[in-house]
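Here are my notes after a pass through this one. They come as numbered points, so pick whichever you care about.

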Amino acid sequence: MRTKNQSKMAEFLLLGLPIQPEQQGMVFTLFLGMYLTTVLGNLLIILLIRLDSRLHTPMYFFLSHLALTDISFSSVTVPKMLVNMLTSHKSIPFAECISQMYFFIFFTDLDSFLITSMAYDRYVAICHPLHYTTIMRGDLCTLLVAVSWILSCASSLSHTLLLSRLSFCAANTIPHFFCDLAALLKLACSDIFLNVLVMFTVGVVVITLPFVCILVSYGYIGTTILRVPSTKGIRKALSTCGSHLSVVCLYYGAIFGQYLFPTFSSFLDKDIIVAIMYTVVTPMLNPFIYSLRNRDMKAALGKLFSRATFFSQ
């Protein structure tokens, strides 16, 4: 006989990272440094785009939203993980757990849509350069971001509402450092067929389809580059393509790696590794990728440092 319905369970227990107690101090310092780098680096990107008029273009409009999303994305899980490392009390209230899951899914999906919007921007810039300013108007960019937010909200809300109808068994231990949807479904006593069906269906819409769109965009970009002689404008556009492709490889590589390398979990929990990659590592690396590989960002950064040096004298 199944355990009595516990859908109003007071709290869950997060086991956190699979590390030894003597390693917690070192791991805490590492992740705190990575989190602070993520927040400060992405805030710097937003500041540079805001202050430098040369960066008031569609590409950097999307990049500023991506930077804000990355800050929020890491802030959903990392602070709670750091607190749990310092305390022996690793429980999380039911309402807070569901809220964390909602925002985690929301920012995961929003990242995917924003990266896809940036790919479309690069496609128009290289394949239709003469019509770039007429196609990538301010209202279209705003619409793409607004639709990204709406679709992400609908996706995360659907998972949250479906999860709230489930009943949970007495076991409340989550073998993760945050409230992951898949981990929560394993604790449910009631039928989760509809939840799993929606999870895979929505996953195709918010992850797989955007990734296919990105591949198609860069397919057209590659064809255009091979046909048209290289010019200064094309080279400038390609400099941002290199940065964007690096982000695409990091983000989608981590997600698809979970399915391409299933044996990896034999010695490490692949779900935790994948989650760390796109909640901690990728948001931290994005500012470095866009500042070190992009001429405009480096110029804006140098201009900001020059201003700071001038006013400090």
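**Notes on the predicted model**

1. Let's begin late in the chain. V281 sits in helix α9, which covers residues 270-292. Its relative accessible area is 16%, so V281 counts as buried. Keep in mind throughout that this is a predicted model. How far apart are the C-alpha atoms of V281 and T38? The two are 243 residues apart along the chain, yet their C-alpha atoms are separated by 8.5 Å.

2. Now the overall layout. The protein has 10 helices and 3 strands. Reading from the N terminus, the order of elements is β-α-α-β-α-α-α-β-α-α-α-α-α. There are 313 residues in the protein, and 48% of them are buried.

3. On annotation: an unreviewed UniProt entry carries the label "transmembrane region" for residues 31-49, 61-82, 102-120, 140-158, 192-221, 242-260 and 272-292. That comes from the record, but the coordinates can be set beside it for two of the spans. Residues 31-49 are 100% helix and 0% strand, with end C-alpha atoms 27 Å apart. Residues 61-82 are likewise 100% helix and 0% strand, and there the end C-alpha atoms lie 32 Å apart.

4. Helix α1 takes in residues 24-51, and L36 belongs to it. Is L36 buried or exposed? Neither, strictly: with a relative accessible area of 43%, L36 is partly exposed, because the partly exposed class lies between the 20% and 50% cut-offs. L36 also joins L40 and L43 in a nonpolar patch on the surface, and together the three have about 290 Å² of accessible area.

5. Helix α3 deserves a point of its own. Running over residues 94-127, α3 has 34 residues and spans 50 Å from first C-alpha to last, close to the 50 Å expected at 1.5 Å a residue. How many of the residues of α3 are buried? The count is 28 of 34, so the helix is mostly covered. One residue to look at in α3 is F104, which is buried at a relative accessible area of 6%. F104 also has a contact to check across the sequence: V76 is 28 residues away along the chain, and the C-alpha to C-alpha distance is 6.4 Å.

6. Cysteines next. The structure holds 1 disulfide, formed by C97 and C179 with their sulfur atoms 2.0 Å apart. C97 lies in helix α3, while C179 is in the loop between β3 (173-174) and α6 (181-186), so the bond ties together parts that are 82 residues apart in sequence. As for its handedness, the torsion about the S-S bond is about -125 degrees, so the disulfide is left-handed. Both C97 and C179 are buried. In case you are going through other cysteines, C127 is buried with a relative accessible area of 19%; that value falls under the 20% cut-off, which is why C127 gets the buried label. C141 is buried as well, at 3% relative accessibility.

7. Last, the charged pairs. Side chains of opposite charge can pair when their charged atoms come close. The structure holds 3 salt bridges, and here is how they look:

   - D52 and R54 meet through their side chains at 3.0 Å, N to O. D52 is buried, with a relative accessible area of 4%, whereas R54 is partly exposed at 49%.
   - D121 pairs with R122, and the closest N and O atoms are 2.6 Å apart. D121 and R122 are both buried.
   - R137 pairs with D139, with 3.1 Å between the closest N and O atoms. R137 is partly exposed at 41% relative accessibility, and D139 is partly exposed too, with a relative accessible area of 48%.

8. If you only open the viewer for a few minutes, a short list may help. Look at the C97 and C179 disulfide, the surface patch of L36, L40 and L43, and the buried salt-bridge partners D121 and R122. After those, try V281 and T38, with 8.5 Å between their C-alpha atoms.

Terms used
Residues are numbered from 1 along each chain as its sequence is written. This is a predicted model: local features need pLDDT of at least 70, side-chain atom pairs count only at pLDDT 80 or more; totals for chains, interfaces and linings use all residues. Side-chain values use heavy atoms; hydrogens and water are left out. Patches are made of residues with over 30% relative accessible area and no salt bridge: like charges are joined within 9 Å, nonpolar side chains (Val, Leu, Ile, Met, Phe, Trp, Tyr) within 5 Å. Accessible areas come from the Shrake-Rupley method with a 1.4 Å probe; for residues, only the protein chains shown count as cover. A salt bridge is a side-chain nitrogen of Lys or Arg within 4 Å of a carboxyl oxygen of Asp or Glu. Helices (H or I, at least four residues) and strands (E, at least two) are DSSP runs, numbered from the N terminus. Buried means under 20% relative accessible area, exposed over 50%, partly exposed in between (1.4 Å probe, protein chains only). UniProt positions are given in the numbering used here, feature names are shortened, and annotations may be inferred rather than shown by experiment. The expected span of a helix is 1.5 Å times one less than its number of residues. A disulfide is a pair of cysteine sulfur atoms within 2.5 Å.
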